[in-house]
Amino acid sequence: SPSVIGRLKLDGAFWLTMNCYGGKISDKDTVADSIPLTFHDVNGLVYIGSTNVNMGGVDRRGIDNCNVVNGITIGDYYVGALYTMITRRIEVGKRIGEAYMQGKQDYDSIVTHDPNGFHDPQIHINCFYGDPTLMIKNTW
């Protein structure tokens, strides 16, 4: 919830969220009502979340997914696969917005079969909140 996030120390944080509606801001009255806006209010840098139902995690039978497509372990066919594609593109010296867009393009071209019909919505409901020009650095 925004109230919990508001109490966290998120300086420089980068989050990819699995929760449904975690990126929705259209029906919020204030920053304090919004998860992504509160995230930025407490100095988080990049928040990626969905504006609708975020299919993923387990299949409809309740079985954990570990699907492989074109030799790549993608997890589920939905947000888990999308985030797999995005994080595969993260590398030092690249802009975070480039990694996000390339990951979305990979998802769209590699994960072409969805047994439940929810492939396209993942492309359209997933949102990037933050500065896409931030350069990825090695801080470890």
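This is a guided tour of a predicted model, one selection at a time.

**Whole chain**

Start with everything shown as a cartoon. The protein has five helices and five strands. Trace the chain along the sequence and the order reads α-β-α-β-β-β-α-α-α-β. Now colour by burial. Of the 140 residues, 41% count as buried. Switch to a surface: the protein exposes about 7,800 Å², and carbon and sulfur atoms supply 53% of that area. Contacts come next. Among those with a separation of 6 or more, residues 24 or more positions apart account for 68%.

**Aromatic pairs**

Select the aromatic side chains. The whole structure holds five aromatic pairs. Zoom in on Trp15 and Tyr47. Their ring centres are 6.4 Å apart and their planes meet at 45°, so this pair is tilted. Trp15 belongs to strand β1 (residues 14-16) and Tyr47 to strand β2 (residues 46-50), so the pair ties together parts that are 32 residues apart in sequence.

Which of the two is buried? Tyr47 is, with a relative accessible area of 0%. Trp15 is partly exposed, at 26%. Add Phe39 and Tyr129 to the selection. Ring pairs link these two with Trp15 and Tyr47 into a cluster.

**Helix α2 and the loop after it**

Stay with helix α2, residues 35-41, and pick Leu37. Leu37 has 31% relative accessibility, so it counts as partly exposed. Show the surface again and add Ile25 and Val31. With Leu37 they make a nonpolar surface patch of about 200 Å².

Step on to Asn43, in the loop between α2 and β2. Check its backbone: phi is positive, about 75°, although Asn43 is not a glycine. Asn43 is partly exposed, at 46% relative accessibility.

**Val53**

Select Val53, in the loop between β2 and β3 (67-69). Its relative accessibility is 38%, so Val53 counts as partly exposed. Now measure to Tyr21, C-alpha to C-alpha. The two are 6.1 Å apart in space and 32 residues apart in sequence. What else does Val53 touch? Leaving out residues up to four places away in sequence, Val53 contacts Cys20, Tyr21, Gln122 and Ile125.

**Salt bridges**

Show Lys, Arg, Asp and Glu side chains. The count comes to five salt bridges. Go first to Asp27. Its side chain meets that of Lys24 at 3.9 Å, N to O. Asp27 also forms a salt bridge with Lys28, where the closest N and O atoms are 3.5 Å apart. Check exposure at each position:

- Asp27 is partly exposed, with a relative accessible area of 47%.
- Lys24 is partly exposed, at 25%.
- Lys28 is partly exposed, at 32%.

Now select Asp106 and Arg89. Their side chains form a salt bridge of 2.7 Å, N to O. This pair links distant parts of the chain: Asp106 is in helix α4, Arg89 is in the loop between α3 and α4, and they are 17 residues apart. Asp106 is buried, with a relative accessible area of 11%. Arg89 is partly exposed, at 29%. Back at Asp27, shared partners join Lys24, Asp27 and Lys28 into one network of salt bridges.

**Helix α3**

Hide the side chains and select residues 79-88, helix α3. Why is α3 described as largely enclosed by the rest of the structure? Seven of its ten residues are buried, so the rest of the structure largely encloses it. To see them, select Val79, Gly80, Ala81, Leu82, Tyr83, Met85 and Ile86.

**Last stop: Lys104**

Move to helix α4, residues 96-110, and select Lys104. Lys104 is buried, yet it has no salt bridge. Where is the nearest side chain of opposite charge? That is Asp108, 9.9 Å away. A salt bridge needs nitrogen and oxygen within 4 Å, so a separation beyond this cut-off does not count.

Finish with the neighbours of Lys104. Setting aside residues up to four places away in sequence, Lys104 touches Leu82, Ile86, Ile123 and Asn126. Two of the residues just named, Leu82 and Ile86, are also among the buried residues of α3.

How values were computed. Residues are numbered from 1 along each chain as its sequence is written. This is a predicted model: local features need pLDDT of at least 70, side-chain atom pairs count only at pLDDT 80 or more; totals for chains, interfaces and linings use all residues. Side-chain values use heavy atoms; hydrogens and water are left out. Helices (H or I, at least four residues) and strands (E, at least two) are DSSP runs, numbered from the N terminus. Buried means under 20% relative accessible area, exposed over 50%, partly exposed in between (1.4 Å probe, protein chains only). Lys and Arg count as positive and Asp and Glu as negative; His and the chain ends are not counted. Contact means heavy atoms within 4.5 Å. Patches are made of residues with over 30% relative accessible area and no salt bridge: like charges are joined within 9 Å, nonpolar side chains (Val, Leu, Ile, Met, Phe, Trp, Tyr) within 5 Å. Accessible areas come from the Shrake-Rupley method with a 1.4 Å probe; for residues, only the protein chains shown count as cover. Rings of Phe, Tyr and Trp (its six-membered ring) pair if their centres lie within 6.5 Å; planes under 30 degrees apart count as stacked, over 60 as edge-to-face and the rest as tilted.
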